[in-house]
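I set out to record strand pairings in one chain, working from one hairpin to its neighbours. The entries follow in the order in which I looked things up.

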Amino acid sequence: MPAKKTLMTIGAAAVLFALVSISLSMPTAARADAGVIDRAKLDALARSPYWLRLLHYKTGWLGHTRSLVDGPEFFFSKEGRTDARAELVATLAAFSKDLKVGRLKQLPQCAFPERYRYLKSELGPGVLGVLGIKDQACPQLEEFLASFNAKSATLVFSSAYPNSPGSMFGHTFLRINSNATEKNDLLDQGLSFAAAVPKSDGGLTFALKGMLGGYIGQFARVPYYAKVNEYLNSESRDLWEYDLNLNAEESQRLLLNAWELETNSWFDYFFFDENCAYVLLSLLEVAKPDWQLTDFSIYVIPGETVKAVTRIAGAVTGVKFRPSLRKKMYQRLDALDGRQRELFFKVIGGKMPPAEVGDAEVLESVASYLHYEKQKGDVDANNKNAPLLQATLLRRSQLGDVGPARRPLRPVLEDTRPDLGHDPYRVGTSSGVRGSGFFQELNFKFAFHDLLNKDQGYLRFSEIDFPGATVRFLPKSGVWNIEQVQGLALTSLFPMTFLERRPSWKFNLDYYSPKDLPCTTCQLGRVQAGAGATAEIFSPNYIVYALGLLDFEVGSAVRKGFRWGPQLQVATILNPWPDYKMQCAATLISDLLQADRRKLYTLFEWNHSLALSKDWEIRAGFSAISPANSLMGSPIDSKEGKLTLNFYF
Amino acid sequence: MKILTIVLLALALAPAAMAQTAKKKHKTAPAPQAETKQAAKATKTNEEGPSGGVPGEPDIDGCGLGWQVTDSQSIIGAITRGTTNGTVPPSFGMTSGSLGCKKVPFTKRDQAGATYAVSNYDSLRIEMAEGQGEVLAAFARTLGCGDTAAFGRMTKKNYGTLLEGQSTPVRMFYKVKQQIQLDPALTASCAV
């Protein structure tokens with residue numbers, strides 16, 4: 001008996017082996033060739049735009065086409081990343097097998113439900129039946145879909161942190177709107193894509209890895225209220241919600257494709273291109289096969305995602321604004337009159353217990369202020385403020401509604417809406433006069449926003465400029481001169497308020513043609529960094545600021561090969577109308593190595609900019625540089641005026 | 001300053017990154033799980049003074065939604081910060097108890113309301129005192145209350161009771177539930 005049993009086992013194993021060998025070596029392709037699916041149909045399906053979108057195939061600069069997805073488990077075929085037909089054949093083969101795939105060890109059709117749905121609808125259930133593929137139950141997937149109960153989708157954009165131009169690129173994610181009756185947006189689910197960064201990775205590692213794709217991008221499902229809390233309250237960023245023209249079926253397709261990506265694979269996360277913005281657009285292309293969104297070159301900025309979507313007619317059905325906690329707090333404070341404001345300061349200064357206050361508006365302002373302060377995460381301050389907040393809220397609850405007697409709140413500034421902002425690339429031309437000679441200039445930059453740009457869609461009074469260059473042609477001498485090669489310029493002018501005193505700061509790295517030297521075609525490399533303060537003059541539209549900078553310059557045009565010294569800049573920016581800005585700046589420049597001669601220079605600049613439309617702009621600039629402590633005329637051509645026409649794209 | 005460094009480096013390395021030349025190969029699919037700095041910050045800030053546990057209340061052990069309540073019921077808002085600055089989002093695998101969750105201690109009915117209370121405690125307290133607001137309306141909804149205006153009136157009227165002493169989100173949540181049951185009109189409009 002044991003011998004017989006062993007024999008049977010061996011026999012069964014042999015049969016099983018044979019079956020497995022056959023199924024491995026002669027997959028669907030063979031059967032398809034044998035007539036189940038004709039070759040033309042298979043070819044057409046493999047080339048269909050939707051199939052390519054499901055696999056996230058993209059054509060790169062050099063014309064090579066491959067999938068954006070980096071995890072090999074996303075593909076059943078070894079060539080799946082580059083060969084859509086091989087992947088189609090292998091996918092059909094896998095659907096007929098009892099495999100466990102991906103992170104959740106699911107059946108192939110549960111792991112790739114949108115591929116399954118598409119192939120079934122294209123080939124018909126009959127063909128699938130012949131191929132031995134039948135519908136399977138997918139409980140985890142069902143639970144996932146049920147948690148969204150998708151009806152439509154909203155693209156959400158978060159603006160920059162206050163005082164942080166580096167965050168001007170923003171962040172985008174999706175909100176899946178549920179089909180609930182009397183729905184509350186906060187209870188919907190958010191779907192985001194972000195880099196998975198271990199806590200231990202600090203600044204340098206983070207930057208390097210982020211740049212080179214060292215992180216994995218992952219999808220996450222987070223309740224929308226948590227997102228709102230995170231951006232609006234903890235980080236004081238505005239949120240812009242763009243309701244997309246997606247129906248329930250299209251929203252579901254988006255979720256199914258996200259499921260395929262997340263439970264089987266990953267993307268390498270690149271800060272510049274394969275980032276949250278790009279991947280979300282790629283997902284939207286699955287939901288809406290007639291939308292073409294991922295045609296960006298070089299880099300993708302989240303704000304550009306929004307523009308890409310709004311450019312498609314009818315894609316956005318509504319736009320909603322959620323102002324940050326900071327904006328809402330100032331809105332409340334601004335509405336207080338003098339007496340109320342006095343009361344407000346008494347309460348937050350601990351000079352008057354909230355229980356003695358009978359003014360609900362004051363108490364609400366105090367609560368709003370303490371809420372905002374709490375987000376800063378200062379443990380000691382929060383422990384100190386906790387009883388005050390509690391007493392304030394208790395007192396507030398005892399008073400009646402403010403009702404119609406409430407002072408009208410000034411509308412919150414909706415200046416951060418991204419799709420109304422200018423485009424990031426710039427090309428421009430200038431004509432000007434320096435001394436007695438005419439010149440013509442060309443400028444180009446990759447990104448992003450400077451102090452003279454119209455601020456709509458960006459962080460107000462801040463600058464972040466990426467690589468760019470300006471060349472100048474002097475017709476008199478027929479010389480082309482590099483006027484400036486911009487490395488990076490960052491400026492944050494943060495107006496101080498009676499509640500917040502944060503420094504303003506500036507950093508600049510460039511290669512420029514100095515105007516204080518008696519040469520026309522010499523350049524110096526320059527690094528400047530410094531800090532100072534900004535104040536509003538009577539209105540948020542007018543600011544004055546002072547910055548102390550340390551300047552270091554290198555180049556053969558100066559005697560020792562370098563020079564350095566502190567600088568002091570005092571300037572004002574007036575922005576009386578959104579389209580017009582005027583900047584007036586005086587800078588005192590020192591050169592600590594120039595002991596024998598005049599040590600100080602003054603640079604005076606007067607700039608105007610007028611936005612003609614979203615992407616066209618005219619600028620006029622005047623500047624003069626001269627030795628500060630010399631009464632004699634300057635030996636150099638010190639005055640310059642120019643007119644510039646810029647186009648953003 | 002960190003942003004500065006990053007942007008500087010971005011600048012220096014942009015061409016390389018754009019060309020995608022130095023792609024790192026990932027040997028393993030699962031992403032490294034890590035807490036975010038903000039989560040750590042939240043640990044410190046979400047507590048207002050010592051918060052002892054309330055007997056009879058369950059702990060929340062959170063996987064899916066990103067919640068953790070330690071033994072002493074201090075609440076760590078571990079909702080991850082999926083900004084461009086990067087963090088670890090909970091993957092889809094980590095869904096409500098299906099994977100990686102040790103326990104789901106709240107009754108299923110209470111889970112939504114309790115996690116909501118934990119996440120929105122600060123905004124919620126303010127709106128409870130004012131008797132209205134979007135955050136409060138959503139809270140009412142998690143408790144199955146259709147009449148959000150009546151719910152708001154109740155929280156305003158009973159604010160002192162609902163949030164007395166060293167309150168915690170979980171304690172507040174249970175007191176709100178209790179209060180609903182004491183109010184016949186609300187009980188009728190809520191599915192507690």
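I looked first at strand E22 (residues 600-611) and strand E23 (residues 616-627) of chain A, which run antiparallel and are joined by eleven bridges. I count two strands as paired if DSSP finds at least two bridges between them. Strands here are DSSP runs (E, at least two residues), numbered from the N terminus.

The model is a predicted one, in which local features need pLDDT of at least 70 and side-chain atom pairs count only at pLDDT 80 or more, whereas totals for chains, interfaces and linings use all residues. Residues are numbered from 1 along each chain as its sequence is written, and chains are lettered from A and ligands numbered from 1 in the order in which they are written.

I then checked the connection: E22(A) and E23(A) make a hairpin, with four residues between them. For a single bridge I noted Ser609(A), whose partner in E23(A) is Arg619(A).

On following E23(A) onward, I found nine antiparallel bridges to strand E24 (residues 639-648) of chain A. Within this pairing, Ala624(A) has Lys639(A) of E24(A) as its bridge partner.

Next I turned to strand E20 (residues 562-577) of chain A. Which strand pairs with E20(A) over 13 bridges? I found strand E19 (residues 539-554) of chain A, in the antiparallel sense. Phe562(A) in E20(A) is the bridge partner of Val554(A).

E20(A) is also joined, by nine bridges, to the antiparallel strand E21 (residues 580-590) of chain A. I noted that Gln583(A) in E21(A) stands opposite Ile573(A). Two residues lie between E20(A) and E21(A), which form a hairpin.
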